[in-house]
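Got the viewer open? Let's take a walk through this one, a stop at a time.

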Amino acid sequence: MAIDKKYIGKVTNDNLDDWLHSTGFLYPTNEKQLDRFNKLYEEYDFKLKNATIDVKSIIEGTLCNKSKVISLDISNSVINEIESLKMVARKGQSNLPKHIIDKMKKKHRDSDDTK
């Protein structure tokens with residue numbers, strides 16, 4: 001929201017509370033404040049058009065985040081590599097597949113080059 005120069009100097013200590021209600025920092029308490037608010041935000045693109053806001057839970061302090069489970073589509077080759085790495089973590093470096101040893105060497109070589 002850009003600052004409209006026609007309002008500069010109009011906000012004083014005497015009407016600050018009225019402007020806070022009009023600009024949305026506090027709830028509008030009369031028609032004049034609501035009209036100012038609607039005019040100020042008439043072109044505002046509200047991004048949460050299909051979302052609902054549970055005002056009661058916000059006021060009562062019972063609002064809580066809902067967790068969301070995100071499923072991952074992992075290929076079989078990645079799953080096999082993860083299992084191999086788990087084995088390395090559990091048992092050490094014996095019987096490691098060559099591609100994993102090469103990958104570890106490359107990783108160490110790359111990290112040594114950055115120092």
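Helices here are DSSP runs of H or I with at least four residues, strands are runs of E with at least two, and both are numbered from the N terminus. By that count, the protein has 5 helices and 0 strands, so colouring by secondary structure gives you α-α-α-α-α along the sequence. Keep in mind that this is a predicted model.

**Zoomed out.** Start with the whole chain. Its C-alpha atoms fill a box of roughly 80 × 40 × 25 Å along the principal axes. The radius of gyration is 29 Å, while a compact globule of 115 residues would come in near 13 Å. Just 9% of the 115 residues count as buried. Take the contacts between residues at least 6 apart in sequence: 6% of them join residues at least 24 apart. About 11,000 Å² is exposed, with carbon and sulfur atoms supplying 56% of that area.

**Stop one: threonine 23.** Select the loop between helix H1 (16–22) and helix H2 (31–40), where threonine 23 sits. A polar atom of the threonine 23 side chain is 2.7 Å from the backbone oxygen of tryptophan 19. Which residues does threonine 23 touch once its neighbours within four places in sequence are left aside? Show Phe37, Leu40 and Tyr41 to see those contacts.

**Stop two: a nonpolar patch.** Now select Tyr27, Tyr44, Phe46, Leu48, Ile53, Val55, Ile58, Ile59 and Leu63, which form a nonpolar surface patch with about 1,000 Å² of accessible area together. One of them, tyrosine 44, is in the loop between H2 and helix H3 (55–60). Is tyrosine 44 buried or exposed? Exposed, because its relative accessibility is 56% and the cut-off is over 50%.

**Stop three: salt bridges.** Side chains of opposite charge can pair when their charged atoms come close. The structure holds 5 salt bridges; try these.

- Aspartate 45 and lysine 47: the closest N and O atoms are 3.1 Å apart. Aspartate 45 is partly exposed at 39% relative accessible area, whereas lysine 47 is exposed at 67%.
- Lysine 103 and glutamate 81: here the N to O distance is 2.3 Å. Lysine 103 belongs to helix H5 (residues 98–113) and glutamate 81 to helix H4 (residues 76–91), so this pair ties together parts 22 residues apart in sequence. Lysine 103 is partly exposed, at 47%.
- Lysine 98 and aspartate 102: these side chains meet at 3.3 Å, N to O. Both are in helix H5, 4 residues apart, or about one turn of the helix. Lysine 98 is exposed at 60%, and aspartate 102 is partly exposed at 35%.

Conventions
Residues numbered from 1 in each chain as written. Predicted model: local features only at pLDDT ≥ 70, side-chain atom pairs only at ≥ 80, totals over all residues. Heavy atoms only, no water. Polar contact = N/O pair within 3.5 Å; in protein donor to acceptor, adjacent residues only side chain to side chain. Contact = heavy atoms within 4.5 Å. Patch = residues over 30% accessible without salt bridge, like charges linked within 9 Å, V, L, I, M, F, W, Y side chains within 5 Å. Areas by Shrake-Rupley, 256 points an atom, 1.4 Å probe, with all protein chains shown as cover. Salt bridge = Lys/Arg side-chain N within 4 Å of Asp/Glu carboxyl O. Buried < 20%, exposed > 50% of the residue type's maximum accessible area, 1.4 Å probe, protein only. Rg over C-alpha atoms; globule rule 2.2 N^0.38 Å.
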